[in-house]
Amino acid sequence: MDVVVIGAGQAGLSTAWALARQGFEPGTGFVVLDADDAPGGAWQHRWPSLTVRSTHRVHDLPGLRFSPATDTLRAAEVVPAYFAEYERRFALPVHRPVRVASVSRTDDDRFVVHTDRGDWTARAIVNATGTWTRPFVPRYPGQELFRGRQLHTVDYRDAAEFAGQHVVVVGGGASATQLLGEISRVTSTTWVTRRPPVWRDGPFDEDTGRRAVALVEEAVRAGRRPGSVVGVTGLLTSTPYLRDALDRGVLERLPMFDRITEDGVAWDPVDGEGRFIPADVILWATGFRAALTHLAPLHLRTPGGGIRMDGTHVAGEPRVHLVGYGPSASTVGANRAGQSAARQLRGLLHPDRALPHSA
């Protein structure tokens, strides 16, 4: 192959569409390898109560509008159906399920993508694996002693399973506040975050979005780990589920606890007085890390643990693009990054090839 795209979520599909527009032949010039059994990327694994209305927004993939009949439909159903139609409409060469174990270099300066279905050799790699498969749970003293249930956002299915139990929700992002709103309707909750939440009352306009992207872009250019989107943008209080939770007084936040006990969470004494809250469940809505472990043989990380980026490609390695990473880790950002990566790869691999009329 000229290009192997790893991942068939929003980032991978938009990149595949753009590669075809840039003259790469589907199936012989590029392929897309996807670990899931069916189309849909991470959306197919989201909790059933997540509707189109309660998502931040599912941006259109290039060339095909996302137009569900109603915004009350489950995101885990309608988005995968949209992705499946997209793959069919544009005849994208998606191979699944294909699980990538590692990517290494060859002696003739190509890449070998090692998978459970054999190896693929390519002149360039576009990684579009997102974060869903790498949930992050921080470590706290006493965590292994807790006799209740601990779960991460990826494990959440329905609020009803927590009825009659006290749930401690950890995390200050959009998922944490949404799940807190749901769970608080059926049982008692406590919300804890590492930093005070940043509430945004005004509209999230294009200027705000550009400033947020610029901050994340600055981090990855310097080789630092990209922070969360909410850490930059704040929480929009006009969002219906947030407004409802605020009105019910659910979003009263406590600072992060210092340790976990057998039956709850505890704070060390401050001015002579500590605090303890009994808990049956701890829900870690603490985000994700980029799913990049399969790229470890390429030695892309800086000593600080990040990857220094130049636009969509790794700095100093223009044949390795990370789409959906850092500033492009959003549905609209992934679209733009995919098209940028495809244009750059055409210029690098086939500088003299004429563009198709449709490009």
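1. Let's start with the β9/β10 pairing. In this predicted model, strand β9 (residues 167-170) pairs with strand β10 (residues 189-193) in the parallel sense, over four bridges. If you want a residue to anchor the view on, take Val-170: its bridge partner in β10 is Val-192.

2. The connection between those two strands is worth a look too. Helix α3 (residues 174-183) joins β9 and β10 in a β-α-β unit, and the unit is right-handed.

3. β9 has another partner as well. Strand β17 (residues 281-284) runs parallel to β9, and four bridges join the two. Val-170 turns up again here, with Trp-284 as its bridge partner in β17.

4. Side chains on β9: Val-167 and Val-169 point one way, Val-168 and Val-170 the other way, and all are buried. That fits the textbook pattern, since side chains in a regular strand alternate between the two faces of the sheet.

5. Now over to helix α1, residues 10-21. From its first C-alpha to its last, this 12-residue helix reaches 17 Å, close to the 16 Å expected at 1.5 Å a residue. Of its 12 residues, 10 are buried, so α1 is largely enclosed by the rest of the structure. The buried ones include Gln-10, Ser-14 and Thr-15, along with Leu-13, Trp-17 and Leu-19.

6. On the core: the largest nonpolar one has 59 residues, and those with the most contacts inside it are Val-3, Leu-13, Leu-19 and Val-79. There is also a second, separate core of 23 residues, with Ile-6, Val-113, Trp-120 and Tyr-325 among its members. As a general remark, nonpolar side chains in soluble globular proteins tend to be buried together.

7. Val-3 deserves its own point. Setting aside neighbours within four places in sequence, Val-3 is in contact with Leu-19, Phe-24, Gly-29, Phe-30 and Val-31, with Ala-122, Ala-124 and Val-126, and with Leu-345 and Leu-349.

8. What follows α1? Just after the helix, Gly-23 takes a positive phi of about 95 degrees. Pro-26 then sits in the loop between α1 and β2 (30-33). At 33% relative accessibility, Pro-26 counts as partly exposed, because the buried class stops under 20% and the exposed class starts over 50%.

9. Last one, on where Pro-26 packs. Leaving out neighbours within four places in sequence, Pro-26 is in contact with Ala-20, Ala-91 and Pro-93. The C-alpha atoms of Pro-26 and Phe-90 are separated by 9.7 Å, with the two positions 64 residues apart along the chain.

Conventions. Residues numbered from 1 in each chain as written. Predicted model: local features only at pLDDT ≥ 70, side-chain atom pairs only at ≥ 80, totals over all residues. Heavy atoms only, no water. Expected span 1.5 Å × (residues − 1). Buried < 20%, exposed > 50% of the residue type's maximum accessible area, 1.4 Å probe, protein only. Core = buried A, V, L, I, M, F, W, Y, C linked by side-chain atoms within 4.5 Å. Contact = heavy atoms within 4.5 Å. Pairing = 2+ DSSP bridges. Right-handed = clockwise from strand over helix to strand, strands pointing away.
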